[in-house]
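Biologist: Got a minute to go through this model with me? I'd like to hear the reasoning behind each label.

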Amino acid sequence: MNDINFNQKLDDVIAQAAQQQDKPSFVNVSRFKEYLEDGRKMDAPRELISHILVEHETTILFSGPGVGKTTLAMQMAIELAEQGKRVLYVNFELSQQQLALRYPNKECPDMLFHASIDYTKMHDVTDQSLILSEIERLALEQDIEVIIIDNLTNLCINSKEAAEAGNIMLKLLSMRLTHNWTMLILAHEPKRKPSDPLTLNDLAGSKLLSNFADNVIGFNKSKKDKNMRYFIQLKYRSFPIELDYKNVQELTLTGSDGWLHFEYGGYDEEREHLPRSRDEKAELERDIVNELKQPNGSSYREIADKLGTSLGMVQRVAKSNGLSRKAK
């Protein structure tokens, strides 16, 4: 390389460096003590929905199919909008007619906005980045404060990459941090044993999803009643976890007051909501048989109460083992 070319390249490098120095950096550096002092002056985190949604944070709510994620999320959206928050519900789950059937007489607040995707108007339906960019644009246009994505699985369904959930979650997190939004993202769980307690490992998709989220809430059916559900806090960044496996929140699905929603109930241990495993069922049947054979003649109801099972279970075991007797 001759001296002229070398000097020219050196001048180019120096010029580029000078231009870079004039640009504002996207990385902020400060003394840590000053960073902490400024942080202490900020408003404390605030729960918008008790034990689920924290202002300016990202929450993932996950469950299996048919549990009622959409019902619970829409209920929270209405509650937030009634509080005065501008809420955008991004719906990949239900049709307009299906939603109308769920809320035939519900008066919805003006602060709640609905968004759905018309894929017939997209040149490339696998372009999730375009969908997210449009959601971001419309949310800014409407001064949205809370975004609910229903749901992450359906958002990824047309993706070119099977493992795209992590990348999409990262883009959603970037949007939330950039605009200081509050975000609730619904997600599915893979097939699992119904008798197993919920854990972070049950969240479908990339294992990075729980790392990206500030809060992760598990939502599940209960064996106590066909309309009963429970939720558990599996990760809760800004507050202590109060709803763990020893103390889950119970809810009951109802159509009262002209709309489908959940009514909050009491609290119980998670295991009380889970069906027994095969080994536990076999052990329970043995215990029932032993009780039926006792000379004290306890009633079916007394045996059920003693063993923590249903009257029907005791009656079925008694009949199948030839130990049936007149119910007391």
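Modeller: Sure, and keep in mind that this is a predicted model. Let's start with Asp257, which sits in the loop between β10 and β11.

Biologist: Why is Asp257 called exposed?

Modeller: Its relative accessibility is 66%, and exposed means over 50%, so Asp257 counts as exposed.

Biologist: And what makes the backbone of Asp257 worth a look?

Modeller: Its phi is positive, about 65°, although Asp257 is not a glycine. Most residues other than glycine have a negative phi. Asp257 belongs to the turn of a hairpin, where six residues lie between β10 and β11.

Biologist: Which other residue has a positive phi although it is not a glycine?

Modeller: His56, again at about 65°. You'll find His56 in the loop between β2 (53-54) and β3 (58-63).

Biologist: Is His56 buried, partly exposed or exposed, and how do you know?

Modeller: Partly exposed. The relative accessible area of His56 is 32%, and buried would need under 20%, exposed over 50%. His56 falls in between, so "partly exposed" is the label.

Biologist: Back to the hairpin. How do you know that β10 and β11 pair?

Modeller: Pairing takes at least two bridges. β10 and strand β11 (residues 261-268) have six, in the antiparallel sense, so they pair. One of the matches is Thr252 with its bridge partner Glu263 in β11.

Biologist: What does β9 do with β10?

Modeller: Four bridges join strand β9 (residues 228-236) to β10, and the two run antiparallel. With at least two required, four is enough, so β9 and β10 pair as well. Met228 stands opposite Thr252, and Tyr230 stands opposite Glu250. Thr252 therefore has Met228 across from it in β9 and Glu263 as its partner in β11.

Biologist: Where does β8 come in?

Modeller: Strand β8 (residues 215-221) pairs with β9 over seven bridges, antiparallel too. Ile217 stands opposite Gln233 there, and a hairpin of six residues joins β8 to β9.

Biologist: What makes β9 and β10 "mostly covered"?

Modeller: Count the buried residues. In β9 nine of nine are buried, and in β10 (residues 248-254) five of seven are.

Biologist: Why is Ile288 called buried?

Modeller: Its relative accessibility is 0%, and the cut-off is under 20%, so Ile288 is buried. Ile288 is found in helix α9 (residues 278-292).

Biologist: What is Ile288 in contact with, beyond its neighbours within four places in sequence?

Modeller: Leu307, Thr309, Met313, Val314 and Val317. Take Val317: Ile288 and Val317 are 29 residues apart in sequence, yet 7.2 Å apart in space, C-alpha to C-alpha.

Biologist: Doesn't 7.2 Å clash with calling Ile288 and Val317 a contact? What settles that?

Modeller: A contact is judged on heavy atoms within 4.5 Å, whereas the 7.2 Å runs from C-alpha to C-alpha.

Biologist: Which residues have the most contacts inside the largest nonpolar core?

Modeller: Ile147, Leu152 and Leu172, in a core of 38 residues. Helix α7 (residues 165-179) gives the largest share of this core, six residues. Apart from it lies another core, of 33 residues, including Ile52, Val87, Tyr236 and Phe262. In soluble globular proteins, nonpolar side chains tend to be buried together.

Biologist: What about Ile147 itself, leaving aside neighbours within four places in sequence?

Modeller: Ile147 is in contact with Leu88, Val90, Ala139, Trp181, Thr182, Met183 and Leu184.

Biologist: Why is Phe26 not part of a core, and is it buried or exposed?

Modeller: A core takes buried residues. Phe26 is exposed, with a relative accessible area of 80%, so Phe26 cannot belong to one. Phe26 lies in the loop between α1 (3-22) and α2 (32-40) and joins Val27 and Val29 in a nonpolar surface patch of about 420 Å².

Biologist: Which peptide bond is cis?

Modeller: The one from Asp150 to Asn151, with omega near 5°. Asn151 is in the loop between β6 (146-150) and α6 (152-156). Most peptide bonds are trans.

Note on methods:
Residues numbered from 1 in each chain as written. Predicted model: local features only at pLDDT ≥ 70, side-chain atom pairs only at ≥ 80, totals over all residues. Heavy atoms only, no water. Buried < 20%, exposed > 50% of the residue type's maximum accessible area, 1.4 Å probe, protein only. Core = buried A, V, L, I, M, F, W, Y, C linked by side-chain atoms within 4.5 Å. Patch = residues over 30% accessible without salt bridge, like charges linked within 9 Å, V, L, I, M, F, W, Y side chains within 5 Å. Areas by Shrake-Rupley, 256 points an atom, 1.4 Å probe, with all protein chains shown as cover. Salt bridge = Lys/Arg side-chain N within 4 Å of Asp/Glu carboxyl O.
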